[in-house]
Number of protein chains: 2
Amino acid sequence: MKQKRPALKDIASKLNVSITTVSFVLNGKGKEKKISDEVIKKIQDYTESINFKPNLVAQSLRTGKTKIIVFMVEDISNYFFAKLARIIEDIAYNKDYKVLFCSNENDDKRSRELINLFYERQVDGFIIIPSAGIRNDIDDLIKKNVPVVLFDRYFPDLKTNYVVINNKDAANKATRHLIDNGFKKIAFITTDVKQTQMLDRLKGYEECVSQAQLSSNVLEIPFKDVNSDKGKGLIHSFITDHAEYDSVFFSTNYLTQSGLEVIKDYNPNLLNELGIITFDDNDLFRIYTPTISAVSQPLQEIGEKLMKIMLNMLKEKDGSDSPQEVVLNAELIQRDSSKDR
Amino acid sequence: MKQKRPALKDIASKLNVSITTVSFVLNGKGKEKKISDEVIKKIQDYTESINFKPNLVAQSLRTGKTKIIVFMVEDISNYFFAKLARIIEDIAYNKDYKVLFCSNENDDKRSRELINLFYERQVDGFIIIPSAGIRNDIDDLIKKNVPVVLFDRYFPDLKTNYVVINNKDAANKATRHLIDNGFKKIAFITTDVKQTQMLDRLKGYEECVSQAQLSSNVLEIPFKDVNSDKGKGLIHSFITDHAEYDSVFFSTNYLTQSGLEVIKDYNPNLLNELGIITFDDNDLFRIYTPTISAVSQPLQEIGEKLMKIMLNMLKEKDGSDSPQEVVLNAELIQRDSSKDR
DNA sequence: CTGAAAGCGCTAACAC
DNA sequence: GTGTTAGCGCTTTCAG
């Protein structure tokens, strides 16, 4: 009983006008093309009455444009990415673009699948947090002249547009803050991800403790275990094996979440004794006991820069501009967890 | 310098075969159509070497299918929806469908825009948490023979497929649990959303307190203020004005999050004195102090049912089956916050 | 075994 | 002012 969707053709024959006329009217070019008011009204009234929606697939095939931008992150349910998504979307809307969100789980296979899925569907551009192994896929996209902007991290050996923050600086500031507040045995808990953002955070921490003549104490959790019991177990052993640590610096907000759970399980009092600071803010950290100090990325600014670069590429005929490399600064939000004891 | 994407035509002329042959080979019909191994290999090698991706827009236009299902929820960054999204996606993948996620913010205008956006782009089906005012838009989709399944809530006066949980029952169980643990002045904090899921939760609470001869104490937060300071202010006054309440039942997990923040701000000790229970679980609730008791929805089961109904419709020629109305049961997870004091 | 050609729904240059 | 028509890239029937 599947009734076919009406097409321009059907409307045209129904109203005894040509397809062209209908097309012009529906695209708001009625006046411009000097179509009579009477015909315009007739077409508008009819298409509204049957709630006609043109087939955008056909339209895209014809125009070669989909007016869609893909926004690919590690995990769209993560606070940081979700907030940014909304900012991006708002900007895009005003420019008549739609944004499609997806999560790559920082997995190469998934990233590739998603890139292919959307590339085949002719999206107009990609904003991507790249997983470690997709350098060449990104390169392919660029070679095919598809607008791409990376963010959060980038490939040092690949010329691309990107927007990142100064991770080393920010990690430095956060470590310095702990030291200034009297902490001396600072642990750094991070993942084994060897991408720029993580390496720089580690570097920032190490540089700072070394300058202060303090020891460097690093735990790397395999990325795949980050949210699992295995990861929590690693954090647990690390902390219990080293009762001498007086503070912990977590390199991302999901590690912090696992870490808090572990510490609480092991010894709730420790939550108030240990200095705690984390990369990437989260609503949770404001309401936790104690409130958790965090390095907060300038979301609005990141979103604006990303879209500025993207819209610029979308506008141009050829993508021959030299890549934009933007580095922004993050802000340290001091809360109770890093207070001087 | 925009280089055109290669098309079947280009490959065909390059290899001196016809477009048809290329199409057959790329669609794996080479053997079936008895194309010589030599030609098959030639085409495969070449398309791989240039990393050829067919234009799915054209393919969709031709076949009328996009192999895409839309999954529209209130807020994809919410724990509950995000978890469900992954379950849905996994099932869809196995059946060669892709899932596109979007958030309607429980807003009618946004919901409509998204439905139109995807309808115009010919997606094959919709799985939707409907906002209150889009009954007619859903109805339109169904009339146009587009596969639709609602979940979390539904429109009582509209015959549709839906998957929901027994909210009244679950709210009843949760309230009963508080009463059994000795709480006597139970407050119910909810939103002013007048949709089935919220009304049923309220009803479950009210029925239970009334049966137990206890008073009913309800606060309704306007939905738009739910995550704002205004909403928090309302919760704050409600609690401070009524020091006699010994427990609170939050009707959704985001209200709980706001509520916890308010209580903690106002009087941290209250967190341990007040009985607290919430609808919808959240990772946070396991690690909070105290751990928060919650009504947990059977995510896996919901996802499976939704996809079963959807895939069934996708398979059928006509959508003439009578709508499936599925009601599942939720589980009460008892944690510290609702313990007997 | 392979190719020619129609047609999916739309846009826009061109014709009248 | 309005209509005719080519063509976007693909699938698939039918011909040879």
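**Chain B: a helix pair**

Start with helices H10 and H11 of chain B: H10(B) passes H11(B) in a right-handed crossing (the near helix is turned clockwise from the far one by less than a right angle; anticlockwise would be left-handed). The model is predicted: local features need pLDDT of at least 70 and side-chain atom pairs count only at pLDDT 80 or more, while totals for chains, interfaces and linings use all residues. Residues are numbered from 1 along each chain as its sequence is written, and chains are lettered from A and ligands numbered from 1 in the order in which they are written.

Select residues 229–241 of chain B for H10(B) and residues 253–266 of chain B for H11(B). Helices (H or I, at least four residues) and strands (E, at least two) are DSSP runs, numbered from the N terminus. The two helices pack at an angle of about 55°, and their axes are 9 Å apart. Axes are lines fitted to C-alpha atoms, for helices over the stretch in contact, and angles run from 0 to 180 degrees between N-to-C directions. That angle makes H10(B) oblique to H11(B) (neither under 35 degrees, roughly parallel, nor over 145, roughly antiparallel, nor 65 to 115, roughly perpendicular).

Which residues of H10(B) meet H11(B)? Show B:Gly231, B:Lys232, B:Ile235, B:His236, B:Ile239 and B:Thr240 as sticks. Their counterparts in H11(B) are B:Ser258, B:Gly259, B:Glu261, B:Val262, B:Ile263 and B:Tyr266. Contact here is C-beta atoms, placed from the backbone, within 7 Å. By class, this contact holds five nonpolar, five polar and two charged residues (nonpolar: Ala, Val, Leu, Ile, Met, Phe, Trp, Tyr, Cys, Pro; charged: Asp, Glu, Lys, Arg; polar: the others, Gly among them).

**Chain B: the sheet under H11**

Keep H11(B) on screen and add S6 (186–191), S7, S8 (247–250) and S9 (275–279) of chain B. H11(B) lies across these strands and runs at about 140° to S8(B). Now widen the selection to the whole sheet. The sheet of chain B is open and has six strands, in the order S7-S6-S8-S9-S10-S12, with mixed pairing (paired strands have at least two DSSP bridges between them). Where are its edges? They are S7 (217–221) and S12 (331–333) of chain B, each paired on one side only. From one strand to the next, the twist averages 20°.

Zoom in on the S12(B) end. S10 (residues 293–296) of chain B pairs with S12(B) in the antiparallel sense, over three bridges. Pick B:Val295: opposite this residue in S12(B) stands B:Leu332.

**Chain A: its own sheet**

Switch to chain A. Its open sheet also reads S7-S6-S8-S9-S10-S12, six strands with mixed pairing. S7 (217–221) and S12 (331–333) of chain A are the edge strands. Neighbouring strands are turned by 20° against each other on average, direction ignored.

Select S10(A), residues 293–296. S10(A) and S12(A) are antiparallel, with three bridges. In S12(A), A:Glu331 is the bridge partner of A:Ser296, and A:Leu332 is that of A:Val295. S9(A) and S10(A) pair in the parallel sense, again over three bridges. Here A:Thr278 stands opposite A:Ala294.

**Where the chains meet**

Colour by chain. How many residues of chain B touch chain A? There are 40, in contact with 40 residues of chain A. On the chain B side, H4, S2 (98–103), H6 (108–120), H11 and H13 (283–287) each supply at least two residues. H4(B) gives the most, five. The chain B side divides into 16 nonpolar, 11 polar and 13 charged residues.

**The DNA strands**

Select the 26 residues around DNA strand C (near means a C-beta atom, placed from the backbone, within 6 Å). A:Ala7, A:Leu8, A:Asn55, B:Ser18 and B:Ile35 come nearest. H2 (19–26) and H4 (56–63) of chain A, with H2 (19–26) and H4 (56–63) of chain B, give two or more residues each. H4(A) gives the most to this surface: five. The surface near strand C has 11 nonpolar, 10 polar and five charged residues.

Finish at DNA strand D, surrounded by 27 residues. The closest are A:Ser18, A:Thr20, A:Ile35, B:Ala7 and B:Leu8. H2 and H4 of chain A and H2 and H4 of chain B each supply at least two residues. Which helix gives the most to the surface near DNA strand D? H4(B) does, with five residues. By class, the surface near strand D has 12 nonpolar, 10 polar and five charged residues.

Conventions
Contact = placed C-beta atoms within 7 Å.
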